[in-house]
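Subject: A structure for you to explore

Hello,

Here is the structure I promised to pass on. Please open it in your viewer, and then read my notes alongside it.

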Amino acid sequence: MMDIDSPESRRAALLERRQQLTNALKEHPHDAIIYLRRALVYADLAYPDLAIGDAYRALLLTDEVIGGGDQYFEQVADSLLEYTDDLKEKGLPDVLRGVMPGDVLPKESAWADGYHPYFCQEYSDDESDESVIDDANSDSVDEYRFGDTDRPRLERMAKFVKFRCYQIMSLNLLLCGCLRSANSYCQQGLAMAPSDKVLQKIEKLVKTAGIQRMRQSGVAYNPAKLPDRGLVRREVYPWNTHEPDRCSPASLAYLNKRLAKVAPKCEVRAVQLPVLTEQGSSNGAAGPTTCWQLGVFAKEPIAAGEVVLREYSLLTANNRHKDASCDACGSAIPDITSKKNSKTGVSCNDCDVVFCGKSCYDRAFKSYHSSICDTDVDNIAKDPEDPRDADDALYVLLVERLLAMSDSKPCHPLDAKQVKYLWGDFVPVATNNQNTIGPGVSASSPDVAAMAAAGGIPPAAWSLPFNFQDNIARPLHIMDEMALGIFEDLDKLDVWVINTLYAKFRGTASARKSRQDGRPDVAAVHPLWCLANHDCDPNVTWEWGGRMVLSAKAERVQLAEDKAAGITRPGGIAAGEEILNHYCDIDLPVQLRREWASGSLGGICMCQRCQNESAAEQGST
Ligand SMILES: C[S@@+](CC[C@H](N)C(=O)[O-])C[C@H]1O[C@@H](n2cnc3c(N)ncnc32)[C@H](O)[C@@H]1O
């Protein structure tokens, strides 16, 4: 029997609570209080990123009321007023109790049995009201069907919720390591209630973490330049029912049916691979040393230079606005001014998007374009100001494309065939639970103080890059532009769904750099090509230009010992041999190859060539 006080049983109870709140959100998708409740459950479960996502959705809902929005105003108002109606009987909702500092509330309002006249008094313009920051656009709510007595209590409840959102977001952003965003939301909260002890504490913690982290990277502390890239858990969430057993006979049969069309001489098989870490393979260290994954194998002999696989993919992204590449396949658009070209690009009649030809145009319309045609979604992530953000912008655009594809189909984003079977480099949930903060996480917890003192760096097992803009704000903006139900369709559009897509894209996407400035500007995911594993002595080489083409190498790499003996090894792949791709430039020395490939490999390459060359280098020093 499970001990009811054990961490496992507490987690099980929290997961159960999460499910109940998720079900409640299905019924009441515009209820900001339920979002706050679920945010706190996520924080207790040590998913700070998911807590931020829920608090941000609650913030968007309250802004609808405070700013007089026209999208969900009535629904949000209805749900918030219900909580103020209940005040006399039930008191404030649990997530708001004891939250707003007393000196920010109107002075004459005293608490009695959890009932606060602040929410219920007649609307007045007296001075006591000024102490609550009043950024409400009252005119915009004039048309609302409630009378004057409802309007002020509605706005006040919305501000109360908004304030709570700032507390939850700033603390959890700190826990993800996103210090600049944490500071920004903390300051917005302090502007509403400068005497709030919780936010004052968070402000100090963020500063401590910032000073430490900037010192570690040899930079002087500057609040405007606080580090904002964080890390979160990379896992198959316990409630994610969309992930297949990738190595099962049914999955292999399905993938092989698809592979037969693009690589007729190959098959997908389950294969045991070493678990790679920053030190090399996990041999000798805690945790498994090998894991079962997929790989591609030759079913019959393949000649040197022969094409092994030719795959077309619409899961592409281009982060430049004025770029002459096909929106669908990413290949260069034929130059219409050149006389040599018989083909020209084809553009969409309703928007500026250009395709390399009629075939891509037709496929794009069928697969994704109608969901985003003539919207502003593309503007959201293109042309990042800072060149260092070019990679991240490509991942955001891949998420955008996948959302458009799953909307066109329609299907759940994680069930789209382009992503369902992708490798996500997921870590077991139990590993991610180690050294985490929660349950009962709060700004005054000693664990949070220790985390901040060490630079605000999340647990070592957390490996999914995270920042507030790319993981939460931009995807929500994209969904909104696409008129997807960001509240109503939460099951398909939740932050954990977006994180799962990022985990898969980060392990499988290939990018192309611009010839002009060397910046990565086009990326693609080829779901079958990316099943091939890496080796620094590959037997294939690849080229992407409209189609991803994998060909058997004409000649194998000349290894150090072969060079000495003047031996060359011919290409060609025997039946039964694994197709070995390369994720880095194989002409580089071992150290640089390992650095380049480590992102896609999830650790240091331990192929035979790397092991030999690394041993030789160490022997010679
Ligand atoms: C693009 S996927 C390759 C296909 C993957 N094995 C699958 O099951 O879909 C990249 C991942 O494969 C694994 N991998 C590829 N080559 C490897 C190698 N030489 N040694 C260990 N793991 C490798 C790593 O986990 C890496 O993150």
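To start with the overall picture, 40% of the protein's 621 residues count as buried. Please keep in mind that this is a predicted model. Its secondary structure comes to 19 helices and 16 strands. Among contacts between residues with a separation of 6 or more, 68% join residues that are 24 or more positions apart.

**The cores**

Which residues touch the most other members of the largest nonpolar core? They are Leu-36, Ala-55, Leu-174 and Leu-398, in a core of 144 residues. Helix 6, which covers residues 150-176, gives the most to this core, with 15 residues. Apart from this core lies another one, made of 8 residues that include Leu-276, Tyr-583, Cys-605 and Cys-610.

Leu-398 is a nice residue to click on. If you leave aside its neighbours within four places in sequence, Leu-398 is in contact with Leu-315, Ala-317, Phe-505, Ala-509, Ala-523 and Val-525.

**Helix 6 and its partner**

Next, have a look at helix 6 together with helix 7, which spans residues 179-192. How far apart are the axes of these two helices? The distance is 8 Å, and the helices pack at an angle of about 155°. Angles over 145 degrees count as roughly antiparallel, so that is how helix 6 and helix 7 are described relative to each other. The crossing of helix 6 past helix 7 is left-handed.

You can also pick out the residues where they meet. From helix 6 these include Phe-163, Tyr-166, Met-169 and Leu-173, and from helix 7 they include Leu-179, Ala-182, Tyr-185 and Met-192. Leu-174, which you met above as one of the core residues touching the most other members, is also among the helix 6 residues that meet helix 7.

**A three-stranded sheet**

Finally, find the open sheet in which 3 strands run in the order 6-15-14 with antiparallel pairing. Why do strand 6 (307-312) and strand 14 (540-545) each have one side without a neighbour in the sheet? Both stand at the edges and have a single partner strand each, so one side of each is left free of a neighbour there. On average, neighbouring strands of this sheet are turned by 15° against each other, ignoring direction.

Strand 15, residues 547-552, pairs with strand 6 in the antiparallel sense over 5 bridges. For one of these partnerships, look at Tyr-312, whose bridge partner in strand 15 is Arg-547.

Enjoy exploring!

Best wishes

Definitions and conventions
Residues numbered from 1 in each chain as written. Predicted model: local features only at pLDDT ≥ 70, side-chain atom pairs only at ≥ 80, totals over all residues. Core = buried A, V, L, I, M, F, W, Y, C linked by C-beta atoms within 7 Å. Buried ≥ 20, exposed ≤ 12 C-beta atoms within 10 Å, placed from the backbone. Helix = DSSP H or I, 4+ residues; strand = E, 2+ residues; numbered from the N terminus. Contact = placed C-beta atoms within 7 Å. Pairing = 2+ DSSP bridges. Axes fitted to C-alpha atoms, helices over the stretch in contact; angles between N-to-C directions. Parallel < 35°, antiparallel > 145°, perpendicular 65-115°, else oblique. Left-handed = near helix turned anticlockwise from the far one by under 90°.
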